[in-house]
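This explanation leads the reader through a protein structure, from its interior outward to its loops. Please keep the sequence and the model in view while reading.

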Amino acid sequence: MDAEITSLNFSKIPSQHLFIKNYHALSAVVENSLLELLNIRQSRLPVDLKPSASGLPTAVIEGWNSPPVHDLNSPVESAIQEIRTAINSDIESLIMVGLGLGYHLGALCDLFPSLQKILVYERFPEFVKIALSIKDYSRDLLSGRISLCTWQDYPHFRQMAMKFLSENSGIFVHPVLGEIYREELDGILSCNQYRKCKCAVLLTGLLSRDVVNVLENLGVETFPIDVLRVSEQSLASALNTHTPDFVFSINYIKGVADICYDLKIPLVIWEIDPSIEVLQYSKVHTGDILFYTYRKSRVNALKDAGFRRVEYLPLASNHHRFKPMDLCSSDIEVYGADIGYVGASMTLEAERLFALFSEILPLSSDAIPVDLDALKEELREKQQRNLNDFVVPRIFHRHSLPRFLRDANGRLVDCFLCLGEGCASERRAGIINQLASRLPDFRIAVWGDDGWARKLADGVEYRGTAGHFHELIKIYNALKINLDINRIYQRDIVPLRVFDILASKGFLLADRSDELHELFGNAVISYGSVDELEKLVRYYLDHPDERDSIAEAGYTAVLSAHTLEHRLKAILADLEAFGFV
């Protein structure tokens, strides 16, 4: 492949001249929010830009096991090969999901001159800025051959995509970004189906993707918004422009309720994680907020905080993704073990929250001086000796420490949870390490963040991080025994892990709680101490047939009442009952 073909006139250094030329061409043909976003400094792009071996810029996405957005050696040549493999030369128009730095778009424009229309979606405006700074697209932008959309125009993009898919067109999904933008892709692929209402889903974590997927399956048109990376002004503008029937948020996000009130849009909040902030909401419009919480004990506290419509709603699994699998021998070798646990070590979060406590304690006029290093060691030592007892309340009482303190921003912080994360980390590692010392002849494996590497005892296999969307299901299927170890300060909840393991038809030994028994009865085996856990492990490893029958019972229980579809149908029914949809 000669140099001219492999370069496609990309600039090795982002050029302000190229960007201005492309921007002027874009502004001559469109009046959408993309122009506004290109002029606004966004939150930091979740990638590291770096030069490739060829000198052209490329990028690596930050996070666990993150792949490069483009080939690190020859991004243009790689893009050309991928385009030539994926694209049928007979098509007249094309939908592209994921622009990145634009190498695939450049290949399309130059190698397929017969393409009359290219509709491009890119979630991050910062990527669009870079792409417009390293290649001249001005002629194709002016002619309307290329149409660019970013997150704020996704509903409009979806409508255009529906028209494209009804014509002689194709779709190209960026090999890396297409998976990251799965929420948008799900909507595009289902856009020909009947839609009964529209919902803006605020993407805040792993479960958000499943919410989008299931809502689409239930006939709801979704508008995914990566809310943690956009300004309140941009969020309000997008909601005002596209007027969804309701907004759906996993966990409470400051500022969103006020935006929804101003725009008269109902807000659904499903709290699924602990929060150190004590919520206080006094606005009279909380009747337009449906607040669901995964924890029964939170219902009254949230009502006291000013939220009128609050209900307990346990977590659930997306059974379309977590399901039984027939694994090949190589997968069983990689993901199998006698006993396994997948979850965070919580070490970094514990350190961050202890540092926060150290900062805000002196701000209180009522606080009695305390040796923080000694306090930290006392918490660690006592929690290790009392794995079933949350030691923070007792230690706070002994030192006359206040439970609630305000930080420098005026937030009311629950210090039990600040220090509870460290205790939860000690308990989680303590149970695994004690089990390993008692069962030296069995393989015990742990997946999670690298904080585990310094907490696990000899004999425990630390296998690194687990990809949530492609590895978890294999792990849950491959392990003979899956462990659940809950946070010590919220043992009254059933974590998402339990539902996903059961939906995968994995055998589970779960942390005992009244809620677990209420939801699953005898379909799940639970333990209340390390002694009991050891006996259960020995027994069920010797009785594989019983393991299989119990796993079958748990699988049946999840499918009958505890899927994400069940939960979202209940929420949609509530929205309808209150006249919101």
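Which strands each supply at least two residues of the lining of the second largest cavity? In this predicted model, they are strand 7 (197-202) and strand 8 (220-225). The full lining consists of Pro155, Lys198, Cys199, Ala200, Glu221, Thr222, Phe223, His242 and Pro244. These residues surround about 70 Å³ of space. A search of the whole structure finds four cavities of 30 Å³ or more.

The nonpolar interior may be considered next. In soluble globular proteins, nonpolar side chains tend to be buried together. The largest nonpolar core of this model has 84 residues, and the members that touch the most others are Leu94, Leu105, Leu108, Ile225 and Leu235. Ile225 illustrates the packing: apart from neighbours within four places in sequence, Ile225 is in contact with Trp151, Ala200, Val201, Leu202, Leu203, Val230, Leu235 and Leu239. Ala200, one of these contacts, is also among the residues that line the second largest cavity. A second core, separate from the largest, comprises 58 residues, including Leu315, Trp447, Ala466 and Val558.

The cysteines call for a separate examination. No disulfides are found in a search of the whole structure. For Cys260, the closest cysteine sulfur belongs to Cys199 and lies 10 Å away, which is too far for a bond. Cys418 is likewise in no disulfide, its nearest cysteine sulfur being that of Cys415 at 5.3 Å. A disulfide would require the two sulfur atoms to be within 2.5 Å, so the 5.3 Å between Cys418 and Cys415 excludes one. Cys260 counts as buried, with a relative accessibility of 2%, and Cys418 is buried as well, at 1%.

Helix 18 (residues 392-399) shows how a helix can present two faces. Its buried residues are Val392, Ile395 and Phe396. These residues lie on the same side of helix 18 because they cover an arc of only 100° around the axis. The face turned away from this buried side carries His397 and Arg398, which are exposed. On the buried side, the packing partners are helix 16 (347-360), helix 17 (372-385) and helix 19 (415-438).

Helix 19 also contributes to an open space. Together with helix 14 (298-304), helix 19 gives two or more residues to the lining of the second largest pocket. Helix 14 gives the most, with three residues. The pocket holds about 420 Å³ of space. Its lining has 24 residues, and those nearest its centre are Arg298, Ala301, Arg403, Asp414 and Leu417.

Two loop residues deserve attention for their backbone geometry. Just after helix 18, Ser400 has a positive phi of about 55°. Ser400 is situated in the loop between helix 18 and strand 14 (404-406). With a relative accessibility of 42%, Ser400 is classed as partly exposed. Lys264 also has a positive phi, near 60°, and is a residue other than glycine. The loop that holds Lys264 runs between helix 13 (256-263) and strand 10 (267-271). Is Lys264 buried or exposed? Its relative accessible area is 73%, so Lys264 is exposed.

Definitions and conventions
Residues are numbered from 1 along each chain as its sequence is written. This is a predicted model: local features need pLDDT of at least 70, side-chain atom pairs count only at pLDDT 80 or more; totals for chains, interfaces and linings use all residues. Side-chain values use heavy atoms; hydrogens and water are left out. Buried means under 20% relative accessible area, exposed over 50%, partly exposed in between (1.4 Å probe, protein chains only). Helices (H or I, at least four residues) and strands (E, at least two) are DSSP runs, numbered from the N terminus. The arc is that of the directions from the helix axis to the C-beta atoms. Contact means heavy atoms within 4.5 Å. A nonpolar core is a set of buried Ala, Val, Leu, Ile, Met, Phe, Trp, Tyr and Cys residues joined through side-chain atoms within 4.5 Å. On a 1 Å grid over the protein atoms alone, a cavity is a set of points where a 1.4 Å probe fits but cannot get out, and a pocket is an open set with protein on both sides within 12 Å along at least five of seven lines; lining residues have an atom within 4 Å of a point. Grid points are joined across faces, edges and corners, and a volume is the space filled by probe spheres set on the points.
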